[in-house]
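Me: I should like to go through a protein model in question-and-answer form, with the reasoning stated at each step. Please look at the sequence and the coordinates before we begin.

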Amino acid sequence: DEQIERERASQHLPGGCCALAAIYLMGKFYVANAGDSRAIIIRNGEIIPMSREFTPETERQRLQFLALLRPELLGKEFTHLEFPRRIQPKELGKKMLYRDQNMNGWAYKKIEEDDLKFPLIFGEGKKARMMATIGVTRGLGDHDLKVFSSNIHIKPFLSCFPEVRVYDLTQYEHCPDDVLVLGTDGLWDVTSDKEVAGVVMEVLTSYEPNDPCRYTMVAQELVVRSRGVLKERGWRLANDKLGSGDDISVFVIPLGGPGNYT
């Protein structure tokens, strides 16, 4: 992240990205995630999560705590408190549910003038945004990102530090149908872990265990099914739901070779 910051001036490359890495070392997989990509292991039909997404929703308490410690980062436009909906001026003096960096549940407070500011975190699910700008809270770059039409920088709230999970391959016997799946959010937005596991099993069983292209075909099928078919109303899945409009990248990595097949 520091190197990206040093090189942005010389190479004129603004912007940022999420990062998801899998490293095999001495019998173990280390999966590091900074962003909203996802990794899962599928072992004998069982789904084992190897990452979690970092979004304004999942990191609400970290973001609100930073805003509490450094209110100058919010300018004069945002409040670190969260409310179920936007507050209107006519509601001053009334009571409304809220929560802060210490709360998992909600409590009531009397609405004050400062509460009329836009919440640091607003919206739910994929629509959740930090400072009404970005929907992911970890990653690389974005050093120049600012709130629209303001001089408020987003970068202080974005962490480049990943969460790392470890999977010990020596603890289990793996067959060629056991895989690690890495995918960007374009895949997971429209395809659940269970659906991905279903595609993995469906495609792998149509190839011989020693066929090296079987894993590439799984990745290709996951991309195709998540994108859908282009129709008059946009990209549509087989069930006619909206397909992914985001970029989709998928890796399918085998955990066991033909020699391990039983």
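Reply: Contact here means heavy atoms within 4.5 Å. The model is predicted.

Me: How many helices and strands does the protein have?
Reply: Of the 262 residues in the protein, 42% are buried. The C-alpha atoms fill a box of roughly 70 × 45 × 40 Å along the principal axes. The secondary structure comes to five helices and 17 strands.

Me: Which feature does UniProt place at residues 1-255?
Reply: Over residues 1-255 the chain is 20% helix and 26% strand. The C-alpha atoms at the two ends of this stretch are 31 Å apart. For these residues the unreviewed UniProt entry gives the feature "domain: PPM-type phosphatase".

Me: Among contacts between residues at least 6 apart in sequence, what share joins residues at least 24 apart?
Reply: A contact requires heavy atoms within 4.5 Å. Among the contacts between residues at least 6 apart in sequence, the share that joins residues at least 24 apart is 60%.

Me: In what order do the strands of the four-stranded open sheet run?
Reply: The pairing in this sheet is antiparallel. Strands β5 and β17 each have a single partner strand, so they stand at the edges and one side of each is left without a neighbour in the sheet. On average, neighbouring strands are turned by 20 degrees against each other, direction ignored. The order is β5-β4-β14-β17.

Me: Which residue in β17 stands opposite Val181?
Reply: Strands β14 and β17 pair in the antiparallel sense over five bridges. β14 covers residues 179-183 and β17 covers residues 250-254. The residue of β17 that stands opposite Val181 is Val252.

Me: At about what angle to β4 does α4 run?
Reply: Helix α5 packs on the sheet and touches β14 and β17, its direction making about 150 degrees with that of β17. Helix α4 lies across β4, β5 and β14. The angle between α4 and β4 is about 50 degrees.

Me: Which element supplies the largest share of the largest nonpolar core?
Reply: In soluble globular proteins, nonpolar side chains tend to be buried together. Here the largest nonpolar core has 19 residues, of which Val181, Val196, Leu222 and Val252 touch the most other members. Elements β4, β14, α3, α4, α5 and β17 each supply at least two residues. The largest share, six residues, comes from α4.

Me: How many residues does the other core have, the one that includes Leu73 and Phe78?
Reply: This core lies apart from the largest one. Val147 and Leu158 are also among its members. The number of residues in this core is 16.

Me: Is Arg43 buried or exposed?
Reply: Arg43 lies in strand β4, which covers residues 38-43. Leaving aside neighbours within four places in sequence, Arg43 is in contact with Ile48, Tyr167, Tyr172, His174 and Asp178. A residue counts as buried under 20% relative accessible area. The value for Arg43 is 13%, so this residue is buried.

Me: With which side chain does the side chain of Arg43 make a polar contact at 2.9 Å?
Reply: A polar contact requires N or O atoms within 3.5 Å. At 2.9 Å, the partner of the Arg43 side chain is the side chain of Tyr167.

Me: In β13, which residue is the bridge partner of Phe29?
Reply: An open sheet of three strands has the order β2-β3-β13 with antiparallel pairing. Its edge strands are β2 (19-25) and β13 (163-168). Strand β3 (residues 28-34) pairs with β13 over six bridges. The bridge partner of Phe29 in β13 is Tyr167.

Me: What length has the polar contact that joins the side chains of Glu59 and Arg138?
Reply: Glu59 lies in the loop between β5 (46-49) and α2 (60-69). With a relative accessible area of 5%, Glu59 is buried. Not counting residues up to four places away in sequence, Glu59 touches Phe54, Thr137 and Arg138. The polar contact between the side chains of Glu59 and Arg138 has a length of 2.7 Å.

Me: What distance separates the C-alpha atoms of Glu59 and Ile121?
Reply: Glu59 and Ile121 are 62 residues apart along the chain. Their C-alpha atoms are separated by 9.8 Å.

Key: Residues are numbered from 1 along each chain as its sequence is written. This is a predicted model: local features need pLDDT of at least 70, side-chain atom pairs count only at pLDDT 80 or more; totals for chains, interfaces and linings use all residues. Side-chain values use heavy atoms; hydrogens and water are left out. UniProt positions are given in the numbering used here, feature names are shortened, and annotations may be inferred rather than shown by experiment. Buried means under 20% relative accessible area, exposed over 50%, partly exposed in between (1.4 Å probe, protein chains only). A polar contact is a pair of N or O atoms within 3.5 Å; within protein, one must be able to donate a hydrogen and the other to accept it, and residues adjacent in sequence count only if both atoms are side-chain atoms. Two strands pair if DSSP finds at least two bridges between them. A nonpolar core is a set of buried Ala, Val, Leu, Ile, Met, Phe, Trp, Tyr and Cys residues joined through side-chain atoms within 4.5 Å. Axes are lines fitted to C-alpha atoms, for helices over the stretch in contact, and angles run from 0 to 180 degrees between N-to-C directions.
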